[in-house]
Amino acid sequence: MKRVLVVEDNENNMKLITLVLEKHGYEPIKAFTGEEGVEKAIAERPELILMDIQLPDINGTKAVQRIRMVDGMQEIPIIAITSYAMAGDREKMLDMGCIGYFEKPIDPMTIVEDIEKIIKQRNNDNTGS
Ligand code: MN
C-alpha cells in the first residue's frame, strides 16, 4: 500500500493530506476534480483512493460509480471524505462500496493511522468470509 490517489478540490486540504501521506512514506497522486480523479484512477491504478464528495464537476459519488465500472477496479479500496453537514452522503458512499469515510475537518495527526485502521479492518473482514 504505497500509492494513494487523493481527489480533493480544496487546496489546503490537498496540501495537508498529501504532506502527511508523504511523511509516512506514501506516494500521493493528486486530482482536483471528479473527472481528473476518474482519469487518474484508471491511468495510475493506485492502491487506495481518498475521495472528497463535494467536487466542482461530478461529485464523489458519481466518480466512485465510474471508477467501479472499469475492469479491475471493483476491488480498489476507496475512503470517502465528507462534510459534517452531509449526513446522507456517508450512507450513500458506504452503500456504493466505500470502505470508510472521514469527516472534515481532516485531522493531520490521525488521518494516516485511521486509514491504516480502515484497511486492516477491511482485510480482516475479507479473510473471514
Ligand atoms: Mn470539496
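Two strands count as paired when DSSP finds at least two bridges between them. In this predicted model, strand E1 (residues 3-7) and strand E3 (residues 48-52) are joined by four bridges and run parallel. Val7 sits opposite Met51 in E3.

On the other flank, E1 and E2 share five bridges, again in parallel. Here Val6 faces Lys30 in E2. As a general point, side chains in a regular strand alternate between the two faces of the sheet.

**The sheet and its helices**

Now for the whole sheet. It's an open one with five strands in the order E2-E1-E3-E4-E5, and the pairing is parallel. Strand E2 (27-31) and strand E5 (100-103) are at the edges with a single partner strand each, so one side of each has no neighbour in the sheet. From one strand to the next, the twist averages 20°.

Two helices that pack on this sheet are set out below.

| Helix | Strands touched | Angle between directions |
|---|---|---|
| H1 (residues 11-23) | E1, E2, E3 and E4 (78-82) | about 160° with E2 |
| H3 (residues 60-69) | E3 and E4 | about 150° with E3 |

How enclosed is E1 by the rest of the structure? Four of its five residues are buried, so E1 is largely enclosed.

**Two nonpolar cores**

The largest nonpolar core is made of 21 residues, and the ones with the most contacts inside it are Leu5, Val7, Ile49, Met51, Ile67, Ile78 and Met93. Which elements give two or more residues to this core? They are E1, E2, helix H2 (34-44), E3, H3 and E4. Of these, H3 gives the most, with three residues.

Met93 is worth a closer look. Setting aside residues up to four places away in sequence, Met93 touches Met51, Ile53, Gly60, Thr61, Val64, Ala80 and Cys98. So much for that core; there's also a second, separate one of 18 residues, and Val6, Leu48, Ile111 and Ile115 are among them.

That puts the E1 pairings in context: Val7, opposite Met51, is listed with the largest core, whereas Val6, opposite Lys30, is in the second one.

**A few individual residues**

Thr82 lies in strand E4. Is Thr82 buried or exposed? With a relative accessible area of 0%, Thr82 is buried. Leaving out residues up to four places away in sequence, Thr82 touches Ile53, Arg90, Tyr101, Phe102, Glu103 and Lys104. Ile53 also turns up among the contacts of Met93.

Arg66 belongs to helix H3. Its relative accessibility is 29%, so Arg66 counts as partly exposed; the cut-offs here are under 20% for buried and over 50% for exposed. Beyond its neighbours within four places in sequence, Arg66 is in contact with Glu35, Val38 and Ile58. Between the C-alpha atoms of Arg66 and Leu19 there are 27 Å, and the two residues are 47 apart along the chain.

Finally, the rings. How many aromatic pairs does the structure hold? Zero. There is a charge over a ring, though: Lys2 lies over the face of Tyr26, 5.7 Å from the ring centre.

Terms used
Residues numbered from 1 in each chain as written. Predicted model: local features only at pLDDT ≥ 70, side-chain atom pairs only at ≥ 80, totals over all residues. Heavy atoms only, no water. Axes fitted to C-alpha atoms, helices over the stretch in contact; angles between N-to-C directions. Contact = heavy atoms within 4.5 Å. Core = buried A, V, L, I, M, F, W, Y, C linked by side-chain atoms within 4.5 Å. Buried < 20%, exposed > 50% of the residue type's maximum accessible area, 1.4 Å probe, protein only. Phe/Tyr/Trp six-rings, centres within 6.5 Å; stacked < 30°, edge-to-face > 60°. Lys NZ or Arg CZ within 6 Å of the ring centre and 35° of its normal.
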